[in-house]
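Colleague: I would like to go through this model with you before I use it. Could we take it topic by topic?

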Amino acid sequence: MSAHSFLYNQSQTKEKVPVEHLDYVYIKKCKDVKYLERILKVLRSGKEGIFPDLITFCESHLEKLDPGSRALRKENPVATPASLSKDEWGQIVADLKIWQEETRKTERPLKQQPIFDSLVKEDPSPIRGSNCSVPFSQAAGPKEKRNCARHPLPRDYQYWDKYDVEKECQRIDENVVKTDPAAMINSQHPKIRTAVDVPLISQQEKLLLADHEKDKGNEAFRANDYEEAVVYYSRSLSIVPTVAALNNRAQAEIYLKHWQNAMRDCQEVLKLEPGNVKALLRRATVYYHMDKFQLAAEDLRLVLREEPQNAAATKLLCTTEKKLEECGAEQHSKGKKILIQEVEEDDNSRPTETEAQQNAYPVEPSQPVGGEESSAAPERGDMGNAQKKPHGRGDGGPHSEFNNSHHGHWRNRGGSSDKYKVSQESKEKVANGTSKRGSTASVKADQSSGGKATQAGGNVGETVNLDAPCGALPPHLSRLKNEGNLLFKNGQFADALEKYSQAIQGYSESGIDSPEDLCILHSNRAACYLKDGNSQDCIQDCTRALELQPFSLKPLLRRAMAYESLERYRTAYVDYKTVLQIDISVQAAHDSVNRITRLLIEQDGTEWREKLPDIPLVPLSAQQHRREEPPSAEVLQARAEKAARDAERKAEIRFSALKQEGNEFVKKGQYQDALGKYTECLKLKPEECAIYTNRALCYLKLERFTEAKQDCDAALKMEPTNKKAFYRRALANKGLKDYLACSSDLQEVLQQDPNVQEAERELEEVTVLLRQSLANANTSPAKPRRTVPITEVGDEDTTDVPKSENSCRGDDIPTNLQPTDAYEFGQALNAARCSGNTASCAELLASTTPEMLPSFLSNQLDGHTIGFIMQAMDAHLLEKNPSLVYQHLNHLHTADRFSVVLMLLDKDERRHMTQLFEHLAAVESSEFTKNDVQNLANKYI
Amino acid sequence: MSSPLAKPQIIAHIQKGLNYTVFDNKWIPCSAKFVCLGNFPRGTGVMQIYEVQHGEAQLIKEVEKPKPIKCGTFGATSLQQRHIATGDFEGNLNIWNLEMPEVPVYAVKAHKEIVNSIDGVGGLGIGDGAPEIVTGSRDGTVKVWDPRQKDSPVANMEPTEGETKRDCWTVAFGHAFNDQDRCVCAGYDNGDIKLFDLRNMSLRWETNIKNGVCAVEFDRKDINMNKLVATSLEGKFHVFDMRTQHHTKGFASVSEKAHKSTIWQVKHLPQNREIFMTAGGAGNLHLWKYEYPAQRSKKDSDGVDVGVAGSVNLLQNVTLSTQPIASLDWSPDKQGLCVCSGFDQTVRVLIVTKLNMV
């Protein structure tokens, strides 16, 4: 055996280590850890002599090869305070001292827990079955049987509570089958509950428990078992929510890629502790992974502001910014592609459609644009539209209408009206949802259409050569311009502005004569101004550009926009018109012209055209320049449709908003306001039947019967069979005392729907009135009219007909008797007061329980009301029922704001009050004495 | 090993000589106090309460009991009560209120012979479900007790007739992560380790480590069982990965021969389950850290999951005395604080530093 082979086989040989191996050179060469350990052992034993240096050399060599080698383990003496530096030990001792004090503090409340406490909160877990024996060795067949027989005691009742039948069955099955069980994997933990039932324990203990669960979570986290970690963090949080546990859970969720959950946790932390660095960092991570680079960067900057040395944040910010840049370029090329190209572009030979789109964007960023290239966009926009429509127009109208007319008036219909309310609300939600979806859809559409435009228009903007020559500009100026374009593209408008200004400056200094280029520079700078909202300067630049190059499209369009934003609609209109003369296909100009026309009509009336400045005639050359690619008829049509749809959609939104507001006002009983809203609605959509009927209702409430009738007529013109319109017209007619027309209307209603009981009742009543009026006409006219209190019985079938037309029927029709709530009472009282009808007020008071009076008045009490009530009581009630008057007075002064109102009473009202008390004092009654009255009077006067 | 200062240091903070043989020490939860349980030379039992104050252990209370006390646990008591359950040389299980330690609040003749080991679960917020105490005795039985049930155990694990009775040296609870699942692990003098499933009332797993099992402990009692450490008479300890059980191979394990003598005790750090300390017969303490493998389970040739054991790293080792260290307890409240005692009639409070950095 050669020495060489021995060298490499030595690990197999268990022979004694030869003396020649106890050598620096050999040890240095040896790579076998086991053999080195043996050498070390021999050396340490001292059998071959003591070589301390060789031992240390061998140790260090071994450590190099295997730092964890057992041979290197030495017995260390225990460290003492002396073996640590003074500071270190001092810190440890201080730490320990703090802990000791803390524990003493935490221990005290624990000790003070009442002893019977433990009795109250008996542990709910049942006691295990008594004395169950567990098979001692691995269950083999016969043994198992014996064990079964050895169940010594019957199981107690509690055992059966937790007796798991399936488990038992399974066990029996297993015993029978005895197949090889698959591996049991404990790594799944579906059985751990994520929440802990915390018994009624002190906060102290809760904190301890929560901490314990959090520790377990941390451990699971460290073992890379993130799911388990999340479970334990959740448990901890279910006991006491802490920032630390939330933060940790967020991190675990991040590892699990549950971005939403992680986000939720981060938000929670930041709610509890705004500015928590960890949470911010984690939220940034989540944002990063959710591709929200902008938000991620914001969070990271916050983190770095707090902790400038935070390496993780710096790193993430770096990558985020990189992404952001990439993404930004992409996004710009998507969303604002037009602008890039617009800025980039020097000549006007590009397809006009993209041009049109480009120009459409700056005005209405969320407005989907027409055109072939963005075929996806209108579709999506339509989706939003279509979803919204039903709400605005279709069933949404009637629904909300009868809902609001129910509201509050008819208690007995509470159930059904509530139901409607719910449906209404959900409808609103749906509407909101759809409108949101609509808008996002349109935004997306924008992007996609932009993207498409990019593809169509070529990716000019993607690869920007800053030194690309621009027209006749010298290199440094063209560079400035390109830089400006790039900045503009990135949305840094102010910087772009500066570049352009420099370029313009340089231009005038260089003395070149190239009006085209200067025009473009001005035009581009105008775009920057426009972006920054500086319309004045934008107009200036545009004007300058137009001086240089008359009838160039972009400056004109920009100027128009600027004018429009300054609300100088006439000039804007002229500019837009000029644009359209140059190029008829500029969609944005079309839209704006329509919009401005509407505004101008509103502003100046029908003669608006006369006030316009002259629209310059565009020379044919400029027009033709633009007509190189006339859009196909198809495209034009699509575009027109698109525009129409757009306008419609916008009107729709406004319309539904107005209507909603109107309905709200009706619900609140503010009919005047509702009226205004409905009127506005009708301005937007004069053909909406529901609005007419709604407005009619308002008019009815306001007792403007003529208008109500007109509205009903209008509604009936549109929908000749509208029951509601008929019914309301009937009521209006009744108010106008045209009983004949009224009855015919009601008959019409009943003909359409015989189930409308209100109409039936109304008809009966009107027939009586009709007869009376006819009789009156024949005989003496002074016969007082019969008053018919209307109490409508709730009915599911009549939902289409509003039922609240009871309180507004002229002077002598009294109010709703037996008011049941503040609203009804208030309505009745107001009606009576408006007409100065003290009798009906007295009646109302007579039917009101004195105890309820203050609550009915709620906070609506004012001086006039008090005066009126006093008058009513004085005039009508006092004679009939003095004790009721006393009772009322006795309760009235407890109403809200009474003392304040009392101070503000005017002379007349005071007089009424004094009179009432005088009269009351004069009345002899068994229920109260003069003294009582005097006492009461003191409270009033 | 490269930078010794970065390693955790084990510092002897307090040493206190005692006039009796101490078998067990336990920290009282939520306090700076610990209990020493032992045996007076005159053959009676003793229970002492010490408080750590100003760098000293001050005796607060001492009670003498008729029988030497071998072991104790706070595992099955509530935080308010903090009653200690003890097992003595006569096989009695007693629960004491430390405020009034004269009379036990619960007493039962649990075993015919000495109670070697005791463990509790379901108290102190550790482990869901009923509070339960398990005792292991020389009489070969392992019994589970519910302090709410007098006189009889709720579960009894004893060898059937005809089987030889082995001396049970150690018991431990684990797997108590919900109110039904619970396991008891018992180690015997012949090297048997048995894992009893209390939910199914069955023996779930058994193995033999060839040497008497001095101590077993789960890294956590109240989680889905994760790791089990078993120490042996001949200076070896085994760490079992309890997550994946193979039907024939059982649990994967890693073993380490560390001490040159018996490893009497193993205790996991309450604040970090991957760190544990072993106490050896030569009066030395070893601090270990378990490292998980990249994958904790793999498929064997039959496509069945089989566990993969990780590795253990020695973080620190110190020699405290020439006598064996028989008991060891980490403070549940203060990371790094521990108390240990040996047959040299000394109790020591140790501080282990830098545990949060490993």
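Modeller: A definition first: helices and strands here are DSSP runs, of at least four residues for a helix (H or I) and at least two for a strand (E), numbered from the N terminus. By that definition, B:Arg82 sits in the loop that runs between strand S6 (69-73) and strand S7 (84-88) of chain B. Please also keep in mind that this is a predicted model.

Colleague: What is unusual about the phi of B:Arg82?

Modeller: The phi of B:Arg82 is positive, about 50 degrees, although the residue is not a glycine. As background, most residues other than glycine have a negative phi.

Colleague: Is B:Arg82 buried or exposed?

Modeller: B:Arg82 counts as buried, because its relative accessibility is 6% and the cut-off for buried is under 20%.

Colleague: Which residue other than glycine has a phi near 55 degrees?

Modeller: That is B:Lys354, again a positive value. B:Lys354 belongs to the segment after strand S30 (346-352) of chain B. With a relative accessible area of 18%, B:Lys354 is buried.

Colleague: Let us step back to the whole chains. How many helices and strands does chain A have?

Modeller: Chain A has 44 helices and two strands. For chain B the count is zero helices and 30 strands.

Colleague: And what share of each chain is buried?

Modeller: In chain B, 70% of the 358 residues count as buried. In chain A, the figure is 46% of 941 residues.

Colleague: How much surface do they expose?

Modeller: Chain A has an accessible surface of about 47900 Å², with 53% belonging to carbon and sulfur atoms. Chain B exposes about 11100 Å², and carbon and sulfur atoms supply 47% of that area.

Colleague: What about contacts between residues distant in sequence?

Modeller: Taking contacts in chain A with a separation of 6 or more, 63% are between residues 24 or more positions apart. In chain B, among contacts between residues at least 6 apart in sequence, 49% join residues at least 24 apart.

Colleague: Where does pLDDT stay under 50 in chain A?

Modeller: Residues 139-153 of chain A are one such stretch, and the model has 15 contacts for them beyond four places in sequence. Residues 786-816 of chain A also stay under 50, with 87 contacts beyond four places in sequence. Across chain A the average pLDDT is 68, and 67% of the residues score at least 70.

Colleague: How should I treat those stretches?

Modeller: Where pLDDT is low, the predicted coordinates should not be read in detail.

Colleague: Which residues of chain A does UniProt list as "repeat: TPR"?

Modeller: The unreviewed UniProt entry lists residues 210-243, 277-310, 655-688 and 689-722 of chain A. In the model, residues 210-243 are 82% helix and 0% strand, with the end C-alpha atoms 12 Å apart. Residues 689-722 of chain A are 79% helix and 0% strand, and there the end C-alpha atoms lie 9 Å apart.

Colleague: Now the sheets. What is the order of the open sheet of five strands?

Modeller: The order is S1(A)-S13(B)-S12(B)-S11(B)-S10(B), and the pairing is mixed. Strand S1 (132-133) of chain A and strand S10 (115-121) of chain B stand at the edges with a single partner strand each, so one side of each has no neighbour in the sheet.

Colleague: Why is S10(B) described as largely enclosed, then?

Modeller: Seven of the seven residues of S10(B) are buried, so the rest of the structure largely encloses that strand. S10(B) pairs with strand S11 (residues 132-137) of chain B in the antiparallel sense, over six bridges. Within S11(B), B:Thr135 is the bridge partner of B:Ile118.

Colleague: And B:Ala155, where is that?

Modeller: B:Ala155 is in strand S13 (residues 155-157) of chain B. B:Ala155 is buried, at a relative accessible area of 0%. The C-alpha atoms of B:Ala155 and B:Val144 are 4.9 Å apart, while the two residues are eleven apart in sequence.

Colleague: One last residue: what does the side chain of B:Gln265 reach?

Modeller: The side chain of B:Gln265 reaches the backbone oxygen of B:Ala326 at 3.4 Å. B:Gln265 lies in strand S22 (residues 263-269) of chain B and counts as buried at 16% relative accessibility. Beyond four places in sequence, the contacts of B:Gln265 include B:Ala215, B:Thr231, B:Met277 and B:Leu328.

Conventions: Residues numbered from 1 in each chain as written. Chains lettered and ligands numbered in written order. Predicted model: local features only at pLDDT ≥ 70, side-chain atom pairs only at ≥ 80, totals over all residues. Heavy atoms only, no water. pLDDT = per-residue confidence, 0-100. Contact = heavy atoms within 4.5 Å. Buried < 20%, exposed > 50% of the residue type's maximum accessible area, 1.4 Å probe, protein only. Areas by Shrake-Rupley, 256 points an atom, 1.4 Å probe, with all protein chains shown as cover. UniProt positions renumbered as here; feature names shortened; annotations may be inferred. Pairing = 2+ DSSP bridges. Polar contact = N/O pair within 3.5 Å; in protein donor to acceptor, adjacent residues only side chain to side chain.
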